[in-house]
2 protein chains.
Amino acid sequence: VQVSELVRSTSVPLATIKYYLREGLLPAARKVTARSSEYDEAHVRRLTLLRVLREVGGLPMTALRELVLAVDDPGLDVHAVFARATDAVAAARRPDPEPDEASRELARTVVARAGWTGVRPDAVDLDNLARVLAQVRGTGLFRVDERVLDLYASAADGIARAEIDALPRGDSRAVELERMVVGTVAFGEVLSILRRLAEEHHDERVTRGSGPAQRAE
Amino acid sequence: VQVSELVRSTSVPLATIKYYLREGLLPAARKVTARSSEYDEAHVRRLTLLRVLREVGGLPMTALRELVLAVDDPGLDVHAVFARATDAVAAARRPDPEPDEASRELARTVVARAGWTGVRPDAVDLDNLARVLAQVRGTGLFRVDERVLDLYASAADGIARAEIDALPRGDSRAVELERMVVGTVAFGEVLSILRRLAEEHHDERVTRGSGPAQRAE
């Protein structure tokens with residue numbers, strides 16, 4: 001298809017497409033004549049991937065570039081690229097301060113208690129977890145120990161298991177990767193949003209639900 | 001305490017503290033002499049709140065300012081301020097494109113099916129949910145219907161119920177608010193991180209777990 005059609009079908013602006021082409025994030029089109037180029041399904045897929053990562057995942061350009069390098073590296077299997085993708089997502093939202101050793105240890109303990117032996121010891125998210133735990137502990141507002149965290153780990157385990165088991169396998173490498181990366185980022189956001197909505201509901205229930213104002217309505 | 005002690009106990013840099021004072025995000029200190037001011041527990045709490053919102057929640061200054069106005073408004077009860085806080089957090093991560101009507105309807109359906117009657121119809125997160133769903137549907141990679149979303153809603157409900165029921169009540173308004181806002185933001189990040197770690201584990205299990213490379217180790 002022509003570039004105008006690519007803009008229409010992906011809703012990515014022409015200027016952004018040209019930028020991605022210059023930066024090598026989007027492969028060059030096939031030259032048909034000196035003045036016209038053909039884009040195909042692979043371009044549509046790549047643009048969709050980049051859009052979700054940027055708009056939902058909030059990834060900066062450096063992370064997008066890194067990720068595209070991994071996707072395009074035929075020496076990496078799908079799982080390895082997925083792991084790099086989660087590293088890129090995690091690195092884009094890493095809290096500032098260095099965690100203390102106790103928080104690092106707590107992060108490792110939670111993962112060990114959950115039985116997640118497939119987690120790389122140098123996963124960026126393991127470091128992020130330690131950083132967030134250090135911040136929460138620093139506030140002095142919450143008891144933060146492995147039993148409190150087991151609630152979150154167990155919910156996370158149930159969701160992740162269902163998600164991974166439901167992933168269709170056997171599509172092309174590009175489609176499988178796109179699905180995993182989009183799924184991680186977008187449904188992660190879905191879960192975060194739903195939790196906040198559920199908190200609003202349950203807090204309303206607890207603090208106002210049985211009050212007279214509610215009954216009078 | 002002196003401002004130097006405030007810097008030490010909160011790890012917030014002096015320049016940031018001065019900036020917050022100028023912007024009205026931090027109440028002025030009590031003047032003891034012409035050259036010395038006394039900061040108290042309320043300053044420590046406010047700085048901790050701002051730090052978590054900024055570093056973990058990624059809130060921009062405009063959102064922090066809005067939130068502080070709500071926290072300081074005695075006419076708003078704790079639940080109302082909490083709702084505004086979640087709006088500020090949601091607004092800071094709102095995906096760009098306008099959602100289509102079908103995605104809006106799906107977002108409302110998910111919340112209705114979950115029984116979350118306490119969710120305000122104009123909650124920013126309800127709009128965010130529609131936006132993320134529109135993006136995922138746009139990729140054509142996933143079936144996105146209410147049954148798929150029930151999995152996430154049900155996990156979110158279980159977590160939120162446990163979180164809200166476990167909240168200690170009866171502290172001062174300031175402490176209660178701080179705990180709710182920090183809890184929403186920080187444990188939301190904990191849950192997101194744990195889900196990604198669990199996905200890494202389960203994907204490793206499915207794609208490599210039963211392979212010969214694993215057994216040979």
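This report walks through the chain interface, one helix pair, the salt bridges and the hairpins of a predicted model.

**The interface between the chains**

Let us start where chain A and chain B meet. Contacts link 83 residues of chain A with 83 residues of chain B. The size of an interface is often given as the accessible area lost when the parts come together. For chain A and chain B, the buried area is about 7800 Å², and carbon and sulfur atoms give 68% of this area. Twelve salt bridges are found across the interface of chain A and chain B.

**A helix pair across the interface**

Helix H5 of chain A covers residues 78-91, and helix H9 of chain B covers residues 173-207. These two helices pack with their axes 10 Å apart, at an angle of about 175°. Because angles over 145 degrees count as roughly antiparallel, that label applies to H5(A) and H9(B). On the H5(A) side, the contact is made by A:His79, A:Phe82, A:Ala83, A:Thr86, A:Val89 and A:Ala90. H9(B) contributes B:Arg196, B:Glu199, B:Glu200, B:Asp203, B:Glu204 and B:Thr207. Sorted by character, the residues of this contact comprise four nonpolar, three polar and five charged.

**Salt bridges**

Over all chains, the count of salt bridges comes to 48. Two examples are handy to look up in the viewer, and the table gives their N to O distances.

| Residue pair | Distance, N to O |
|---|---|
| A:Glu23 and A:Arg65 | 2.6 Å |
| A:Arg195 and B:Glu163 | 3.1 Å |

What does the pair A:Glu23 and A:Arg65 tie together? A:Glu23 lies in helix H2 (residues 14-23) of chain A, while A:Arg65 lies in helix H4 (residues 61-71) of chain A, so the salt bridge ties together parts that are 42 residues apart in sequence. The other pair in the table joins the side chain of A:Arg195 in chain A to that of B:Glu163 in chain B.

**The hairpins**

Now for the strands. In chain A, strand S1 (residues 30-33) and strand S2 (residues 36-38) run antiparallel and are joined by three bridges. Two residues connect S1(A) to S2(A) in a hairpin, and A:Thr33 stands opposite A:Ser36 in S2(A).

Chain B has a hairpin of S1(B) and S2(B), with two residues between the strands. Here S1 spans residues 30-33 and S2 spans residues 36-38, with three bridges joining the antiparallel strands. Which residue of S2(B) does B:Thr33 face? B:Thr33 stands opposite B:Ser36.

How values were computed:
Residues are numbered from 1 along each chain as its sequence is written. Chains are lettered from A and ligands numbered from 1 in the order in which they are written. This is a predicted model: local features need pLDDT of at least 70, side-chain atom pairs count only at pLDDT 80 or more; totals for chains, interfaces and linings use all residues. Side-chain values use heavy atoms; hydrogens and water are left out. Two strands pair if DSSP finds at least two bridges between them. Helices (H or I, at least four residues) and strands (E, at least two) are DSSP runs, numbered from the N terminus. Axes are lines fitted to C-alpha atoms, for helices over the stretch in contact, and angles run from 0 to 180 degrees between N-to-C directions. Angles under 35 degrees count as roughly parallel, over 145 as roughly antiparallel, 65 to 115 as roughly perpendicular and the rest as oblique. Contact means heavy atoms within 4.5 Å. Ala, Val, Leu, Ile, Met, Phe, Trp, Tyr, Cys and Pro count as nonpolar, Asp, Glu, Lys and Arg as charged, and the others, Gly among them, as polar. Buried area is the accessible area (1.4 Å probe) that two parts lose on being put together, summed over both. A salt bridge is a side-chain nitrogen of Lys or Arg within 4 Å of a carboxyl oxygen of Asp or Glu.
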